[in-house]
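Reader: Hello! I am new to protein structures and would like a close look at one part of this one. Could you take me through it step by step, explaining the terms as you go?

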Amino acid sequence: MQALLSFSRAIDAMNEKVGKTAAWLILIAVLVSTINALTRYGFSMSSNAWLELQWYLFAGTFLLCAPWTLKCNEHIRIDVVTGRYSPRVHAWIDIVGGLLFLIPMCLVILWGAVPFALDSITSGEMSSNSGGLIVWPAKLLIPVAFFLLLLQGCSEIIKRFAFLNGLIDGKEFEKGGGHGSTPDAVDVAEAGSTAR
């Protein structure tokens with residue numbers, strides 16, 4: 001189990017670095033959007049390449065930050081339901097969800113996305129829009145991101161089993177990803193009802 005935990009920590013570290021780097025794409029997207037708006041409205045100049053670049057940057061941010069979001073346990077979930085259970089039950093919910101839904105979904109998407117991206121790369125696919133960009137970098141993001149998400153899903157399952165075996169503390173995968181726990185919806189609702 002210790003070897004699996006080492007593997008899990010390596011995945012966590014890699015996805016955190018990728019996610020933090022990809023988060024900077026938001027700033028670049030804002031700058032591109034600003035420059036695009038200024039040139040369009042100030043100088044009546046426009047290009048589809050600017051619009052497509054914004055789309056690529058958004059896609060990169062969303063796809064490459066998804067594994068980091070899972071690692072930090074900040075993805076959307078039904079905390080009102082799961083927050084009522086003990087940490088052990090919650091760990092089992094995460095394990096079953098990962099094995100039955102997350103991992104199979106990643107594998108199905110990879111099955112379709114790898115040939116989709118490879119076809120785009122080998123054909124040198126260009127945008128059909130006038131002045132558009134090459135398309136394959138955006139299509140390549142899909143299999144790369146879902147492979148990283150698959151790895152992170154495996155890491156999360158390893159950590160839940162380690163927790164159930166008493167090898168790690170449950171705080172390692174609480175919401176906030178080690179930045180301190182945040183109250184879940186049940187805590188907030190209970191605090192509001194006691195304050196009245």
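Author: Happy to! Let us begin with the cysteines: a search of the whole structure finds zero disulfides, a disulfide being a pair of cysteine sulfur atoms within 2.5 Å. Before going on, note that this is a predicted model, where local features need pLDDT of at least 70 and side-chain atom pairs count only at pLDDT 80 or more, while totals for chains, interfaces and linings use all residues. Residues are numbered from 1 along each chain as its sequence is written, and side-chain values use heavy atoms, with hydrogens and water left out.

Why is Cys 106 not bonded to another cysteine? The closest cysteine sulfur belongs to Cys 154 and is 8.5 Å from the sulfur of Cys 106, which is too far for a bond. Looked at from the other side, Cys 154 is in no disulfide either, with the sulfur of Cys 106 as its nearest cysteine sulfur. Their surroundings can be described by relative accessible area, for which buried means under 20%, exposed over 50% and partly exposed in between (1.4 Å probe, protein chains only). Cys 106 has a value of 0% and is therefore buried, whereas Cys 154, at 27%, is partly exposed.

Now for the overall layout. The protein has six helices and zero strands; helices (H or I, at least four residues) and strands (E, at least two) are DSSP runs, numbered from the N terminus. Written from the N terminus on, the order of elements is α-α-α-α-α-α. Of the 196 residues in the protein, 37% are buried. Two residues are in contact when heavy atoms lie within 4.5 Å. Among contacts between residues at least 6 apart in sequence, 75% join residues at least 24 apart.

The part to look at closely is the packing of helix 2 (residues 48–71) and helix 5 (residues 136–164). Two packed helices are described by the angle between their axes and the distance between the axes. For helix 2 and helix 5, the angle is about 10° and the axes are 7 Å apart. Here the axes are lines fitted to C-alpha atoms, for helices over the stretch in contact, and angles run from 0 to 180 degrees between N-to-C directions. Helix 2 and helix 5 are therefore roughly parallel to each other, since angles under 35 degrees count as roughly parallel, over 145 as roughly antiparallel, 65 to 115 as roughly perpendicular and the rest as oblique. On the helix 2 side, the contact residues include Trp 55, Tyr 56, Leu 63 and Leu 64. From helix 5, those taking part include Leu 141, Ile 142, Phe 146 and Glu 156. The residues of this contact divide into 16 nonpolar, three polar and three charged. In that sorting, Ala, Val, Leu, Ile, Met, Phe, Trp, Tyr, Cys and Pro count as nonpolar, Asp, Glu, Lys and Arg as charged, and the others, Gly among them, as polar.

Helix 2 also holds Phe 58 and Phe 62, four residues apart, about one turn of the helix. Ring centres within 6.5 Å make a pair for Phe, Tyr and Trp (its six-membered ring); planes under 30 degrees apart count as stacked, over 60 as edge-to-face and the rest as tilted. By this rule there are three aromatic pairs. Phe 58 and Phe 62 have ring centres 6.5 Å apart and planes at 20°, so the pair is stacked. Phe 58 is exposed, at 57% relative accessible area, and Phe 62 counts as exposed at 57%.

Helix 5 has other neighbours too. Ser 155 lies in helix 5 and is buried, at 0%. Not counting residues up to four places away in sequence, Ser 155 touches Ser 8, Ile 11 and Asp 12. Its C-alpha atom is 6.7 Å from that of Ile 11, although the two are 144 residues apart along the chain. Ser 8, in helix 1, is buried as well, at 0%. Ile 142, one of the helix 5 residues in the contact with helix 2, is also touched by Ala 113. Ala 113 lies in helix 4 (residues 87–123) and counts as buried at 4%.
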